[in-house]
Amino acid sequence: MAASTRTEGSRVRLSGYPRMAARVLAALLIADDGRRTAGELADVLQVGPSAVSGAVKYLMRVGMVTRERDPGERRDHYRVDQTAWYRAAASSDEVFRRFEEGARDGVEVLGTDTPAGARMDETRRFFAFLRSEVPQLLHKWNELNARPTERSGGSARSGS
């Protein structure tokens, strides 16, 4: 679920996502109320309903978008799940661990006295660093985003 954003002219690209899914995600993020119907997404993006449908299904499958329906309404609204970013960062430890272990294996084979081994060791140290820092950053995020009553009570929200 690793996605990054970069600006290209007046466009924002979400790397790591299929193009239409990235466009739908961006359209949801910039909506004033943070949600849109499939029809609204199609209008904003100037695409057909099937393109929106496929993108929304993908985004729901990867946990980035939720579907909601107001009582008495027949249309679904889609919204970015604000906890998705937090959950993605929180679950990254396993990915970082695999990279760290793979690099450690490479160092054992190549040795740190070779250029390739030195690069592998730097890779290992980088992922070890991420594994130690990300939990602290998430804790900090929770502290910054805790409601005033939660700060005094000690519990914090999970990333929203």
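This report walks through the fold, the surface and the salt bridges of one protein chain.

**Overall build**

The model is a predicted one. Its chain holds seven helices and five strands, and the order from the N terminus is β-β-α-β-α-α-β-β-α-α-α-α. Of the 160 residues in the chain, 30% are buried. If you like contact maps, here is a handy number: among contacts with a separation of 6 or more, 44% are between residues 24 or more positions apart. One pair to look up in the structure is R125 and E100, which sit 25 residues apart along the chain while their C-alpha atoms are separated by 7.4 Å. R125 belongs to helix α6, residues 115-144, and is partly exposed with a relative accessible area of 46%.

**The surface**

The exposed area of the chain is about 10,400 Å², with 53% of it supplied by carbon and sulfur atoms. Which residues make a nonpolar surface patch of about 310 Å²? The patch is made by L29, I30 and W85. L29 lies in helix α1, which spans residues 19-30. Patch members need over 30% relative accessible area, and L29, at 42%, is partly exposed.

**Salt bridges**

The count of salt bridges comes to 12. Three of the pairs are set out here, with their N to O distances.

| Pair | N to O distance |
|---|---|
| D81 and R87 | 2.7 Å |
| R97 and E101 | 2.7 Å |
| D121 and R124 | 2.9 Å |

Let's take these pairs in turn. In the bridge between D81 and R87, is D81 buried or exposed? D81 is buried, because its relative accessible area of 17% falls under the 20% cut-off. Its partner R87 counts as partly exposed at 38%.

R97 and E101 share helix α5, residues 92-110, where they are four residues apart, about one turn of the helix. Both ends of this bridge are partly exposed: R97 has a relative accessibility of 23%, and E101 has 32%.

D121 and R124 are both in helix α6, three residues apart, which is again about one turn of the helix. D121 is buried, with a relative accessible area of 16%.

Beyond these pairs, there is a network to explore. Salt bridges link R35, E68, D70 and R79 in it.

Key:
Residues numbered from 1 in each chain as written. Predicted model: local features only at pLDDT ≥ 70, side-chain atom pairs only at ≥ 80, totals over all residues. Heavy atoms only, no water. Helix = DSSP H or I, 4+ residues; strand = E, 2+ residues; numbered from the N terminus. Buried < 20%, exposed > 50% of the residue type's maximum accessible area, 1.4 Å probe, protein only. Contact = heavy atoms within 4.5 Å. Areas by Shrake-Rupley, 256 points an atom, 1.4 Å probe, with all protein chains shown as cover. Patch = residues over 30% accessible without salt bridge, like charges linked within 9 Å, V, L, I, M, F, W, Y side chains within 5 Å. Salt bridge = Lys/Arg side-chain N within 4 Å of Asp/Glu carboxyl O.
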